[in-house]
Amino acid sequence: TSFGFKEVREEDKSQMVGNVFTSVASTYDLMNDLMSAGLHRLWKDRLVSKLHPFPGMKHLDVAGGTGDVAFRILEDINSTRHRAMQDATEDYLHEETRMYICDINPNMLNVGKKRAIERGLGDNKALIWVEGDAESLKFEDNSMDGYTIAFGIRNVTHIEKVLAEAHRVLRRGGRFLCLELSHVDTPIFKELYDYYSFSVIPAMGELVAGDRESYQYLVESIRRFPAQEKFASMIADAGFQKVEYENLVGGVVAIHSGMKL
Ligand code: SAM
């Protein structure tokens with residue numbers, strides 16, 4: 001029935017996620033740096049290097065509210081690597097390049113838009129901000145060269161729907177990449193990590209963001225998220241080929257990838 005336990009729980013979950021991100025949007029950057037000791041920057045760089053961005057690409061970054069990943073992709077396209085291949089007078093961003101940044105939370109998108117202006121990208125027409133749900137994207141089938149989702153899929157209600165949508169919007173040859181907090185297995189490191197996440201992170205959340213509960217929820221959601229192998233098989237079930245993953249910092253974070261062939 002519509003009052004079944006499962007439905008009620010899922011409703012709670014979406015509402016809770018909304019509240020969590022509304023309350024953390026302002027202290028978001030600071031907390032990311034503190035919690036990961038600045039490492040999230042390197043993890044995002046790694047994600048982008050695995051994407052192999054190119055001028056003229058159509059890319060979709062989902063759950064990308066703050067623009068962190070999209071800005072990195074644009075910077076990569078602007079790098080000397082590509083510039084060397086182009087006429088020095090030509091605009092570095094091929095006029096067809098499009099970076100769609102999709103997020104369900106307008107507060108996060110606003111943080112991102114503000115940062116784009118600060119970076120001098122305010123009127124860059126390659127950047128397109130779209131409010132939307134990863135589970136039902138507003139983009140056409142086979143329309144994207146790349147799809148990224150960083151620290152976003154863990155909080156959605158139906159992971160399978162997100163993966164199916166990613167597969168739908170990618171064109172053949174398009175690449176799917178997901179950066180997410182994952183599972184640590186190594187005995188001693190696991191104990192240290194458990195202590196850090198169950199004790200240090202909620203305390204840090206209280207101290208810095210004045211919000212212990214949201215960070216407690218964050219830690220619990222990491223534990224509930226499927227482990228590396230399981231998540232890889234879900235990606236394959238969505239139709240992706242060449243599915244693989246790379247653990248960073250012993251599995252604190254993993255980058256999963258797949259191709260639509
Ligand atoms: N990708 C950015 C980064 O790595 O800095 C932001 C990650 S933030 C932890 C998670 C983001 O996912 C939030 O901006 C939140 O609004 C968004 N989000 C949560 N559920 C979503 C959904 N169903 N569809 C799209 N975005 C969602």
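No disulfides were found in this predicted model: the count is zero. A disulfide is a covalent bond between the sulfur atoms of two cysteines. Two cysteines were examined for burial. Cysteine 102 has a relative accessible area of 2% and is therefore buried, the cut-off being under 20%. Cysteine 178 has a relative accessibility of 0%, so this residue also counts as buried.

The ligand is surrounded by 16 residues. Of these, Tyr28, Ala63, Asp103, Asp133 and Ala134 come nearest. By character, the shell divides into nine nonpolar, four polar and three charged residues.

Backbone atoms of alanines make polar contacts with the ligand. A polar backbone atom of alanine 63 lies 2.8 Å from a ligand nitrogen. For alanine 134, a polar backbone atom is 2.8 Å from a nitrogen atom of the ligand. At alanine 150, a backbone N or O atom is 2.9 Å from a ligand nitrogen. The ligand exposes 600 Å² when taken alone, and the protein buries 96% of that area.

Threonine 66 sits in the loop between strand E1 (58-62) and helix H4 (68-77). Its relative accessibility is 5%, so threonine 66 is classed as buried. Leaving aside residues up to four places away in sequence, threonine 66 touches Tyr28, Phe71, Met108, Val111, Gly112 and Arg115. One of these contacts, Tyr28, is also among the residues that come nearest to the ligand.

How values were computed:
Residues numbered from 1 in each chain as written. Predicted model: local features only at pLDDT ≥ 70, side-chain atom pairs only at ≥ 80, totals over all residues. Heavy atoms only, no water. Near = heavy atom within 4 Å. Polar contact = N/O pair within 3.5 Å; in protein donor to acceptor, adjacent residues only side chain to side chain. Areas by Shrake-Rupley, 256 points an atom, 1.4 Å probe, with all protein chains shown as cover. Nonpolar A, V, L, I, M, F, W, Y, C, P; charged D, E, K, R; others polar. Disulfide = S-S within 2.5 Å. Buried < 20%, exposed > 50% of the residue type's maximum accessible area, 1.4 Å probe, protein only. Helix = DSSP H or I, 4+ residues; strand = E, 2+ residues; numbered from the N terminus. Contact = heavy atoms within 4.5 Å.
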